[in-house]
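Here is a short walk through one structure. Keep the sequence and the 3D view side by side as you read.

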Amino acid sequence: MKLLDPILSRRWQLFVLMSLIVLVINFPIIVIILNSFQTTEQILLNRSIFPNEFSTVNYEFLLNRTPFIRFVFNSFVVSGGSTVLSVIAAALAGYAMSRYRGKSMSVFSQALFVIQMFPIILALIPLFVLFRVMGLINSPIPVIIIYTVVHLPFATWMAKSFFDTIPVDLENAAQIDGCTRFQAFVKIVLPLSGPGMAAVSIFSFLFSYNEFFVGSVFLRDQDAMTVPIGLQMFMQQFASDWGSLMAAASLAVIPTFILFLMVQKYIVYGAVSGGVK
């Protein structure tokens, strides 16, 4: 028991330390949630982060008198579409980079680095002109395409790192049994790389869900706005509805929070396996 006491004491100390670190890191989110239960007048007058009186008036206004639900739906459409395209393209390109060696593949891999370093802001004006001529402004299609292209280099390299860990002998055995190269990829490689593809899809979804700048250029009507763009409507030139803004920010965090709880092990797996072979 005497040997266990120092160990338990050290564990409690580490627990308290980690709890303090988590509290400090998440302090802004805690403040936002607490302020969401106060009106704008109470937020400006109250000197404490804790509300004197909890009120749900901000949430009632947000859900009943604003198109916030529409913003959330648009965010899921844009994020889901770009995630699906990114995963499909990254899986195919990552597999090719992992299994095929040669000068052309080396040039392709280097081109991915160049594309990733290219700032998308430099291409926004010609892209806006192009999609306006096509009549796609205020449509999720151009935003989905741009998000896919921007995230694709990172997703491709991450997918390649997962495919590198799968032995080629498994594919050769499947081909001996009568599978084609593509069938071996679909039936053998993809199922084994499921956690890796999950990690790729998570990073792609979070990037698309939180992105603001590109969406603000192409999604200008309220019916087409996503959550990050819709939050801007609560901030005007001469006044800001801080109460509704805090409530909207609190609700906007919920989908990503639930997603993180469900797939946090894949995020860790992707971060470790994607960086270390």
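A residue is called buried under 20% relative accessible area, exposed over 50%, and partly exposed in between. The model in view is predicted.

Start with the surface. Val-253 has a relative accessible area of 35%. It falls between the two cut-offs, so Val-253 counts as partly exposed. Look for Val-253 in helix H14, which covers residues 242-275. Val-253 also belongs to a nonpolar surface patch. Its partners there are Ile-254, Phe-257, Ile-258, Phe-260, Leu-261 and Met-262. Together these side chains make a patch of about 660 Å².

Now turn to charged side chains. How many salt bridges does the structure hold? There are 3.

Take Arg-99 and Glu-171. Their side chains meet in a salt bridge, with N and O 2.5 Å apart. Arg-99 sits in helix H5, residues 68-99. Glu-171 sits in helix H9, residues 168-176. The two residues are 72 apart in sequence, so their salt bridge ties together separate parts of the chain.

Are these two partners buried or exposed? Arg-99 has a relative accessible area of 13%, so it is buried. Glu-171 is buried too, at 1% relative accessibility.

Glu-171 has another partner. Arg-181 forms a salt bridge with Glu-171, and the closest N and O atoms are 3.7 Å apart. This pair also links distant parts of the chain. Arg-181 lies in helix H10, residues 181-192, while Glu-171 lies in helix H9. They are 10 residues apart. Because these salt bridges share a partner within the 4 Å cut-off, Arg-99, Glu-171 and Arg-181 join into one network. Unlike buried Glu-171, Arg-181 is partly exposed, at 30% relative accessibility.

One more salt bridge remains to be visited. Which side chain does Asp-164 meet? Asp-164 meets Lys-160, at 2.9 Å from N to O. Both residues lie in helix H8, which spans residues 140-164. They are 4 residues apart, about one turn of the helix. Lys-160 has a relative accessible area of 13%, which means that it is buried.

Go back over the view once more. Find the nonpolar patch that includes Val-253 and Phe-257. Then find the network of Arg-99, Glu-171 and Arg-181. Finish at the pair of Asp-164 and Lys-160 in helix H8.

Technical notes: Residues are numbered from 1 along each chain as its sequence is written. This is a predicted model: local features need pLDDT of at least 70, side-chain atom pairs count only at pLDDT 80 or more; totals for chains, interfaces and linings use all residues. Side-chain values use heavy atoms; hydrogens and water are left out. Buried means under 20% relative accessible area, exposed over 50%, partly exposed in between (1.4 Å probe, protein chains only). Patches are made of residues with over 30% relative accessible area and no salt bridge: like charges are joined within 9 Å, nonpolar side chains (Val, Leu, Ile, Met, Phe, Trp, Tyr) within 5 Å. Accessible areas come from the Shrake-Rupley method with a 1.4 Å probe; for residues, only the protein chains shown count as cover.
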